[in-house]
Amino acid sequence: MQAATSCDLKFRSTNPTARNKCFSHAIPKRVAVTCGYRSESFSFPNGVSVSRSDWQSSCAILSSKVASVENPGGLADKIAAVNGHTNGSVNLGLVAVESTNRKLAPVQPLTITDLSPAPLHGSSLRVAYQGVPGAYSEAAAGKAYPNCDAIPCDQFDVAFQAVELWIADRAVLPVENSLGGSIHRNYDLLLRHRLHIVGEVQIPVHHCLLALPGVRTDCVSRVISHPQALAQTEHSLDVLTPHAAREAFHDTAAAAEYIAANDLHDTAAVASARAAELYNLQILADGIQDDPGNVTRFLMLAREPIIPRTDRPFKTSIVFAAQEHKGTSVLFKVLSAFAFRDISLTKIESRPHHNRPLRVVGDGSFGTSKNFEYMFYVDFEASMAEPRAQNALAEVQEYTSFLRVLGSYPMDMTPWSMTSTEDA
């Protein structure tokens, strides 16, 4: 059905003479309200707009008014008050309808449930993540939105599209690891898609060596896992399985699932303890990450941004491109805009400009050189609700040809221990 852009209100009366009369204090016997869709513009009394939320609210007021005519001071008054209006706030100009033999269906006013927004604390949110059940991204989704309905996706791009197409309400995706560095694919997807960062969550990575029940470490001839997981456990694997070949897999939990599904007795996987539980594998070695401070940072993405606040620590993420022919001096000026306002930068990442990868420098007399053109991703510790952050971005905009705020969101302040054995 085509989206509604206006509401056509028709008040019908079986008495033609009653249509020209003003609404009196006498209680009419029956009032009928017809609400339809039209494409023409329409304005409600007292300046009520024509957005969908205002249309729902106005229809609730109308229904409440009709109910209050037959039951003054009843439930309709309470419903109208919940929606931020009183029965007298809108002059509807309803006219009386004479009694007829035809029975009309009782009026059913909208309830607060019909008008309530989507849940904000993960009570019934659908959260997309990359991987299969048991992946570290699933744990990040559970930490970001407890009791959510986690939706596995085979690729990062699929998770972005799941939110854009309303299949999921949120997406939780990794952007950097303390050992492996930035996950460049997701930085590129942030620019390609129009989702907003609404939060972050950090997960300590706790790797385990998994195999089928009864398999010994010295029987393992192959270890499979995500390339970053293999790199993060390189030294431990040299000790545990020195003669085993190492093969890259697209996901840690998927590697564990692959071993269980194919009954591979000569293969082990580097994955989480939860993956061992889900796929009935035994843990040959626990906590095999080379660095106990191995942490992955995830971003929480949504279709709409959140309202920035100043009552708690906030972080803001932006991406920009320098003006042409300005060179490295532009980056210095951009960083100075934050330094002069005592704004701490927590992250700066450069990625080649996809639409304009090369920039020609020089003239014909001395030759020319072709330099890469970059997009810069910057995270800084300030809320967009703060004047200093607004002034900094206003100055940055003077030096850039492109500037986009990816999100202003609460920082993850959850305490955690580097020696924690909690599964991630």
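This is a short tour of a predicted model, stop by stop, with what to select and what is there.

**Stop 1: strand β13**

Select residues 295-302, which make up strand β13. Eight of its eight residues are buried. Colour the two sides separately. Val295, Arg297, Leu299 and Leu301 point one way. Thr296, Phe298, Met300 and Ala302 point the other way. In a regular strand the side chains alternate between the two faces of the sheet. Note Arg297 in the first set: this arginine is buried along with the rest.

**Stop 2: the partners of β13**

Add residues 170-177, strand β5. β5 and β13 pair in the antiparallel sense, over six bridges. For an anchor point, pick Ala171; its bridge partner in β13 is Leu301.

Now add residues 196-204, strand β7. β7 also runs antiparallel to β13, and eight bridges join them. Which residue of β13 is the bridge partner of Val201? Phe298 is. Gly199, in turn, stands opposite Met300 of β13. β7 is mostly covered, with seven of its nine residues buried.

**Stop 3: a charge over a ring**

Select Arg303 and Trp166. Arg303 lies over the face of Trp166, at 3.7 Å from the ring centre.

**Stop 4: the largest nonpolar core**

Show Leu209, Leu210, Val223, Ala256, Val270 and Leu281 as spheres. They have the most contacts inside the largest nonpolar core, a set of 32 residues. Elements that each supply at least two residues include β8 (208-211), β9 (222-225), α7 (227-232), α9 (252-262), β11 (267-271) and α10 (273-278). Which of them gives the most? α9 does, with five residues.

Centre on Ala256. Leaving aside residues up to four places away in sequence, Ala256 touches Leu210, Ala269, Ala271, Ala275, Tyr279 and Leu281.

Another core lies apart from this one. It has 25 residues, among them Ala162, Val163, Ala171 and Tyr409. Ala171 is familiar from Stop 2, where it was bridged to Leu301. In soluble globular proteins, nonpolar side chains tend to be buried together.

**Stop 5: aromatic pairs**

The whole structure holds five aromatic pairs. Start with Phe249 and Tyr258. Their ring centres are 5.3 Å apart and their planes meet at 45 degrees, so the pair is tilted. Is each ring buried or partly exposed? Phe249 is buried, at 19% relative accessible area. Tyr258 is partly exposed, at 32%.

Next, select Phe338 and Phe380. Here the centres are 4.8 Å apart with planes at 40 degrees, so this pair is tilted. It links distant parts of the chain: Phe338 sits in helix α11 and Phe380 in strand β18, 42 residues apart. Both Phe338 and Phe380 are buried.

Then pick Phe320, Tyr374 and Phe376, which form one aromatic cluster.

**Stop 6: helix α11 and its cover**

Select residues 329-339, helix α11. Its buried residues are Val330, Val334, Ser336, Ala337 and Phe338. What covers them? The cover includes β14 (314-322), β15 (345-352), β18 (374-380), α12 (387-399) and β19 (400-410). Phe380 of β18 is the ring paired with Phe338 at the previous stop.

**Stop 7: cysteines**

Finish with Cys148 and Cys153. Cys148 counts as buried because its relative accessibility is 19%, with the cut-off at under 20%. Cys153 also counts as buried, at 6%. How many disulfides are there? The count comes to zero.

Notes. Residues numbered from 1 in each chain as written. Predicted model: local features only at pLDDT ≥ 70, side-chain atom pairs only at ≥ 80, totals over all residues. Heavy atoms only, no water. Buried < 20%, exposed > 50% of the residue type's maximum accessible area, 1.4 Å probe, protein only. Helix = DSSP H or I, 4+ residues; strand = E, 2+ residues; numbered from the N terminus. Contact = heavy atoms within 4.5 Å. Core = buried A, V, L, I, M, F, W, Y, C linked by side-chain atoms within 4.5 Å. Pairing = 2+ DSSP bridges. Disulfide = S-S within 2.5 Å. Phe/Tyr/Trp six-rings, centres within 6.5 Å; stacked < 30°, edge-to-face > 60°. Lys NZ or Arg CZ within 6 Å of the ring centre and 35° of its normal.
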